[in-house]
Every structure is written in C-alpha cells, then in structure tokens.
Amino acid sequence: MTEDAPEKTADAPGQTPSLEVRDLTVRFAGLTALDAVSFTVAPGSLHAVIGPNGAGKSTCFNVLSGVYRASAGHVHFGPDELTGLPPHRIAALGVARTFQNIALPPYATVADSLMLGRHRLTKAGFLAAGLRLPSAAREAERHRERVQEIAEFTGLERYLDHPAAALPYGLQKLVELGRALCMEPRLLLLDEPVAGMTSDERRRTAAVIAGVREGLGISVVLVEHDMGVVMRLADEVTVLDFGRRIASGPPAEVQRDPEVVRAYLGDTNNSEDAEEGVTS
Ligand SMILES: Nc1ncnc2c1ncn2[C@@H]1O[C@H](COP(=O)(O)OP(=O)(O)OP(=O)(O)O)[C@@H](O)[C@H]1O
Ligand SMILES: [Mg+2]
C-alpha cells in the first residue's frame, strides 16, 4: 500500500492537458440538472466537485464521459472537444471514470477486472492473439506486468486471484479504481470513491488517490461527500447546488463560504455546525 506510484509506461499518452468545462447545461424533461456550470481542471491537479444530493455531480460526470449529451455548453480536454463524443472516443483520449455504484463483472477475478482496463491499449488484436503470435504474447505479458504493478500500488495484489464481486465492498471499490488506472488515463473521474467504506478503507483509498495525483501526473476530478477526504486531497473545489455552481476555490475558502454552508445545512441549520463549516 501507498508504495511509490508505478512508473508511466510506453502506453501512457503524452502530457495531461487542462479540462475546460464551459456553461455546461443538461436538461431532463422539466428539470435542469446542470445549469451553465463552468470550471477548469489544471493539468495534474485534483479538482473536487461537491454538493448536496441531486446537485448534478454525477450528471456532470456522465457528460464528461459521454454517457449523457449536454443540452448546451462545451467541454474541452486540451485541443479536443469532448461534448458530443461517444464514451469509447472519450476513453480513447485518456479519460477514465469510476461509477457511483459498483460496475464490476460478476464472476471475474480481480486480475481479470483490472485487465479489462487494458482493453483500449491492446494493439495486437484478436487475430494475432488467436494465432498466438509472439508479438501478441509479448504484449499480453506487458499488460500482466502492468496489472501487477497497479495491484501493488492500490494494495490489491493479495486478491488478484479472488472473484472481485465476492470481496468486501471497500475492496471492490478499490478494484474499480485500479481498473480505471489500468487504462493509463490522463484524466480520472472518481464518483464517490470512498462511499460505503470503513474508516480504514477510506484512509487507504485516500492515500491511493493522493499517490495518483502526486506520482502519475494524472488530473483527477473527485465527486465525494466525505469532506475530510475532499479537504485533504483537493487543490480546487467547485460546489454545485440544484445544478448551479454556487462557489469555487481552494478547499479552506469554499468550506467557509456562507452559501455553501447554507446549501449543505439548509436555512434551519444549527449555528454550531455552521461555524465548523461544511462537514460530511
Ligand atoms: N437520466 C435522468 N433522467 C432524469 N433525471 C435525471 C437523470 N439523471 C439524473 N437526473 C436528475 O438530475 C438531478 C441531478 O442528479 P445527479 O445524479 O447528477 O445528482 P448528484 O449530485 O450526483 O447526487 P448524489 O449526491 O445523490 O449522487 C437529480 O434531480 C436527478 O434526479
Ligand atoms: Mg451522484
């Protein structure tokens, strides 16, 4: 756990560009889930998007990863416009995500689940692999080594042969994170990575996320309700409420913003909580 971050490999795409979200709007019938939201994620930084339930955080991720289409606004990742691209094209640009609800294949081992993350990087193709060509064998070996490295980095190496879906919930969430890392992303979108974890699992996962940012130069967008984790890890925080951006800035500043405190605690907040700023 929390060993040195694995080196970037030859598979890793080039420098991470900045992510620019501009006036992003998503409307569902009768509901504006995101209302002209803008923020910028600086290369290699960790940007948290927080807000009460239903604020539009997962909707934002769904647009960034191509699952939902924006009604208006733009998302640029360096020179590439993500808005309107299908999920596989966005993934090919080096954007990986985890889901709020676990989405692991039911019978796969942890090793297989991590290997799924290598899929987009596989060059040999089915024919070469099927014919057992040496180039395909070499490539498969390289992927296995990388899976091993990322398993060590995330603290999953002991579980590589276990069925992923049979692991405790917190470890399953780490497998999701590991699978996303196996894609060698330049931008990692984490939707509530520590939700449902024990405090020990939270600490370990936060350390892994900190290692990702520090060691791999990957930009991270983190949606999380655990304010301890957000405040420790984030360089910048954007706060959403009812689809609108109500605050943004460094964590300590945002935590004390009166509008943020009001959004979290409601108008009937008790002053003790409000004085402490936003808690989880
Ligand atoms: N596919 C959809 N169709 C209709 N409404 C949707 C859809 N997806 C999300 N919404 C609505 O959009 C709003 C924002 O939802 P979203 O899931 O983005 O919130 P969230 O900030 O991620 O909340 P939570 O913290 O509970 O995960 C909610 O009112 C939700 O019901
Ligand atoms: Mg959500």
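This section describes the secondary structure, the sheet arrangement and selected side-chain features of a predicted model.

The protein chain contains eleven helices and ten strands. Of its 280 residues, 50% count as buried. Contacts that span long stretches of sequence are frequent in the following sense: among contacts between residues at least 6 apart in sequence, 68% join residues at least 24 apart. Two open sheets are described in turn below, one of six strands and one of four.

The six-stranded sheet follows the order β6-β7-β8-β3-β9-β10, and its pairing is mixed. Its edges are formed by β6 (95–97) and β10 (244–249), each of which pairs on one side only. On average, neighbouring strands of this sheet are turned by 15° against each other, direction being ignored. One face-packing element is helix α1 (residues 57–64), which touches β3 (46–50), β6, β7 (187–191), β8 (219–223) and β9. The direction of α1 makes about 150° with that of β7. Helix α10 (residues 258–265) lies across β3, β9 and β10 and runs at about 130° to β10.

Within this sheet, strand β9 (residues 236–241) is joined to β10 by five bridges, and the two strands run antiparallel. On its other side, β9 pairs with β3 in the parallel sense over four bridges. Individual bridge partners illustrate both relationships. V237 of β9 is the partner of A48, and V237 also stands opposite G249 in β10. At the other end of the β9–β10 pairing, D241 has R244 of β10 as its bridge partner. The two strands form a hairpin with two residues between them, and F242 in the turn has a positive phi of about 50°. Five of the six residues of β9 are buried, so this strand is largely enclosed by the rest of the structure.

The four-stranded sheet has the order β2-β1-β4-β5, with antiparallel pairing. Here the edge strands are β2 (31–41) and β5 (80–81), each pairing on one side only. Strands β1 and β2 are paired in the antiparallel sense over seven bridges, and F28 has L31 in β2 as its bridge partner. Helix α1 packs on this sheet too, touching β1, β2 and β4, with its direction at about 115° to that of β1. Helix α1 is thus in contact with strands of the four-stranded sheet as well as with strands of the six-stranded sheet.

F28 also takes part in an aromatic interaction. The count of aromatic pairs comes to one. This pair consists of F28 and Y68 in an edge-to-face arrangement, with 5.4 Å centre to centre and 80° between the planes. The two residues are 40 residues apart and link distant parts of the chain, F28 lying in strand β1 (residues 19–28) and Y68 in the loop between α1 and β4 (72–77). With a relative accessibility of 35%, F28 counts as partly exposed; Y68 is likewise partly exposed, with a relative accessible area of 33%. Another ring is approached by a charged group: the charged end of R97 sits over the ring of F99, 4.0 Å from its centre.

A search of the whole structure finds zero disulfides. Two cysteines may be noted in this context. C60 is buried, with a relative accessible area of 1%, and C182 is buried as well, with a value of 0%.

Positive phi values occur at further residues other than glycine. D23, which is placed in strand β1, has a phi near 50°. E184, found in the loop between α6 (169–182) and β7, has a positive phi of about 50°. The surroundings of these residues are described by their accessibility: D23 is partly exposed, with a relative accessible area of 45%, whereas E184 is buried, with a relative accessible area of 5%.

Notes. Residues numbered from 1 in each chain as written. Chains lettered and ligands numbered in written order. Predicted model: local features only at pLDDT ≥ 70, side-chain atom pairs only at ≥ 80, totals over all residues. Heavy atoms only, no water. Pairing = 2+ DSSP bridges. Axes fitted to C-alpha atoms, helices over the stretch in contact; angles between N-to-C directions. Contact = heavy atoms within 4.5 Å. Phe/Tyr/Trp six-rings, centres within 6.5 Å; stacked < 30°, edge-to-face > 60°. Buried < 20%, exposed > 50% of the residue type's maximum accessible area, 1.4 Å probe, protein only. Lys NZ or Arg CZ within 6 Å of the ring centre and 35° of its normal. Disulfide = S-S within 2.5 Å.
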